[in-house]
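Dear colleague,

Here is the structure I said I would pass on. My notes on what turned up in it follow below.

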Amino acid sequence: MKHLLTILLLTFAVSLPAQNLAGYWEGKIAVSKKDSLTIGLQIDYQGDTLYAELDSPNQYFTGQPVSGLTFADSALSFRVPEFGLSYEGTLSADGQRITGTCKQNGQKFACSLTQGAKRKCFPRPQTPTPPYPYHTEDITFKNRAGKYPLILGTLTLPDSAPKALVIFISGSGWQDRDETIFAHKPFAVIADTLTKAGYATFRYDDLPTAVFRKSTTYDFVDAVKLILDSLLLRPDLKYVKTGLLGHSEGSLVAFMVAAEDPRVMFTIHLGGVAQPIDEILLYQNIALAKASNTLTESQIEYSTKINKDIYQIIKKSKDKDQCVAKLEQYWDKIASQLSEEEKINYNITPEGKITLMQTFSSPWYFTLFHINPIPYLKKVKMPVLAISGEKDLQVEAVAAQKIMRKYLKDKYHYNLNTFTILQGDNHLLQPCTTGSLEEYGEIETTIDPLALDEIVQWLDFWWQLNHLHVGVLHIRF
């Protein structure tokens with residue numbers, strides 16, 4: 001699960017300005033007293049049109065599209081609505097510096113851009129590039145009232161009749177259809193692999209930003225059902241059996257849909273979750289703190305106690321207003337007990353308080369604390385494939401799969417349920433060294449080829465059983 005400041009890039013056009021801005025501009029944003037974030041702006045001219053792309057090299061983001069650019073009378077501005085980000089700056093008289101302010105989610109950060117640095121490049125050899133040996137089609141679905149575009153995605157179809165249709169569901173936080181993270185596009189890689197193996201796939205952007213901010217996990221479940229309702233009306237997919245592939249929180253959404261919708265014939269879970277969110281976050285906080293090596297054991301213990309108390313307040317609160325009131329009271333109590341240095345170490349700061357209130361009182365987060373995955377797992381009766389990474393520091397692989405093994409049943413008795421933990425892989429199923437978040441962007445491999453092979457082999461075996469109508473019990477995969 002991602003809790004990163006996300007600054008993405010833009011591809012847009014404006015009329016040609018008088019000043020020549022062509023080149024790569026780079027600067028730093030002081031996101032806190034201890035941390036800064038580098039951003040880069042690549043500007044090019046094509047004829048009379050100005051093009052720009054905003055990079056975040058620290059997060060391995062380059063060339064990610066956003067919208068909105070103006071440049072007139074030396075004033076430059078752009079925005080990234082998906083992440084509440086905007087920038088306003090002024091070009092100096094000598095044309096060598098853009099001095100401005102970056103705003104995100106109500107916070108302001110000074111940020112000046114200068115030329116001279118070399119634009120970073122992050123190789124991602126697994127990312128597929130056209131021309132593809134299969135058909136791709138961009139599709140838009142409107143909300144159930146038919147008033148506005150709700151779901152935008154890409155359908156891939158093999159040249160022959162598809163063996164099955166696999167719908168992808170991304171993890172927490174706003175994600176694009178490729179689940180882009182640190183310049184990796186895992187869903188694009190998986191879709192490419194499956195389509196070449198004869199399966200249709202559909203991957204989609206998360207709900208529009210204005211809708212997403214008010215949405216909960218239940219809304220994500222409804223979105224998948226809307227996709228099923230829409231795609232299965234197509235003549236080329238009407239009789240194709242369908243399954244779901246979810247990553248991280250997307251695996252929970254897949255379980256919730258599969259528990260209620262008989263059209264789902266199988267589910268695939270990557271870095272999947274089965275524990276309540278408070279257990280996941282406690283594991284994540286401890287594991288990441290130990291990996292970062294920035295806190296002592298006693299500091300980790302105290303931080304864990306604070307987190308436990310906060311999570312209990314959220315779980316026991318009847319509504320968001322009560323939650324905010326109790327969190328503020330608890331926060332002020334803890335702050336009164338700490339020295340100024342300790343407040344900084346534990347992020348018990350005014351900025352930390354604002355972030356806490358915004359995060360834990362949001363519709364999505366508050367609702368997630370009140371969802372127990374186990375009742376849904378008990379209702380899932382179709383075949384399940386779960387693949388986790390042994391070095392996953394965001395979701396505890398052994399604990400998650402233990403719960404899955406206990407509650408998931410295969411009503412067809414083919415023993416197709418398969419639970420795999422790949423040694424040396426992280427939450428993204430990348431072969432790694434430590435599993436820390438810092439490694440995600442450093443690793444060139446987007447997803448372990450072993451994971452891709454296992455998905456295809458498992459699907460092929462499932463397809464053979466269904467295609468040939470095998471009536472044998474207790475077949476082991």
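**Findings**

Helix α5 is followed by Asn293, whose phi is positive, near 60°. Please keep in mind throughout that this is a predicted model.

α5 itself runs over residues 277-292, and its 16 residues reach 22 Å from the first C-alpha to the last, close to the 22 Å expected at 1.5 Å a residue. Its buried residues are Ile277, Asp278, Ile280, Leu281, Leu282, Gln284, Ala287 and Ala289. They pack against α6 (297-316) and α10 (363-368). As background, an α-helix has 3.6 residues a turn, so residues three or four places apart point the same way.

Helix α1 (186-196) is mostly covered, with nine of its eleven residues buried. These are Pro186, Phe187, Ala188, Val189, Ile190, Ala191, Asp192, Leu194 and Thr195. Their packing partners are the strands β11, β12 (165-169), β13 (200-204), β14 (242-247) and β15 (264-270), together with the helix α14 (449-467). Gly198, which follows α1, has a positive phi too, near 105°.

α1 also takes part in the second largest pocket, which holds about 260 Å³ of space. Of the 17 residues lining that pocket, Pro128, Tyr132, Asp178, Ala188 and Arg203 are the closest to its centre. At least two lining residues come from each of β10 (135-142), β11 (149-157) and α1, and the largest share, three residues, is from α1. By class, the lining of this pocket has six nonpolar, five polar and six charged residues.

Turning to enclosed space, the structure holds four cavities of 30 Å³ or more. The largest cavity has a volume of about 150 Å³. It is lined by 16 residues, and those nearest its centre are Ile169, Ser170, Asp206, Phe212 and Phe220. The helices α3 (217-231) and α4 (249-260) each give two or more residues to this lining. Nine of the residues lining the largest cavity are nonpolar, five are polar and two are charged.

Is Glu249, at 3% relative accessibility, buried or exposed? Glu249 counts as buried, because 3% is under the 20% cut-off. Glu249 lies in helix α4. Its C-alpha is separated by 30 Å from that of Asp236, and the two are 13 residues apart along the chain.

Lys147 sits in the loop between β10 and β11. Lys147 is exposed, because its relative accessible area of 69% is over the 50% cut-off. Lys147 and Leu237 are 90 residues apart in sequence, and their C-alpha atoms are 25 Å apart in space.

Last, the nonpolar cores. In soluble globular proteins, nonpolar side chains tend to be buried together. Here the largest nonpolar core has 77 residues, and Ile151, Leu165, Phe202, Ile310, Phe360 and Met404 have the most contacts inside it. Leaving aside residues up to four places away in sequence, Met404 touches Phe255, Gly272, Val273, Ala274, Leu377, Ala386 and Phe419. Another core, of 28 residues, lies apart from the largest one, and its members include Ile190, Leu416, Ile447 and Ile455. Ile190 is also one of the buried residues of α1.

Regards

Key:
Residues are numbered from 1 along each chain as its sequence is written. This is a predicted model: local features need pLDDT of at least 70, side-chain atom pairs count only at pLDDT 80 or more; totals for chains, interfaces and linings use all residues. Side-chain values use heavy atoms; hydrogens and water are left out. On a 1 Å grid over the protein atoms alone, a cavity is a set of points where a 1.4 Å probe fits but cannot get out, and a pocket is an open set with protein on both sides within 12 Å along at least five of seven lines; lining residues have an atom within 4 Å of a point. Grid points are joined across faces, edges and corners, and a volume is the space filled by probe spheres set on the points. Helices (H or I, at least four residues) and strands (E, at least two) are DSSP runs, numbered from the N terminus. Ala, Val, Leu, Ile, Met, Phe, Trp, Tyr, Cys and Pro count as nonpolar, Asp, Glu, Lys and Arg as charged, and the others, Gly among them, as polar. The expected span of a helix is 1.5 Å times one less than its number of residues. Buried means under 20% relative accessible area, exposed over 50%, partly exposed in between (1.4 Å probe, protein chains only). Contact means heavy atoms within 4.5 Å. A nonpolar core is a set of buried Ala, Val, Leu, Ile, Met, Phe, Trp, Tyr and Cys residues joined through side-chain atoms within 4.5 Å.
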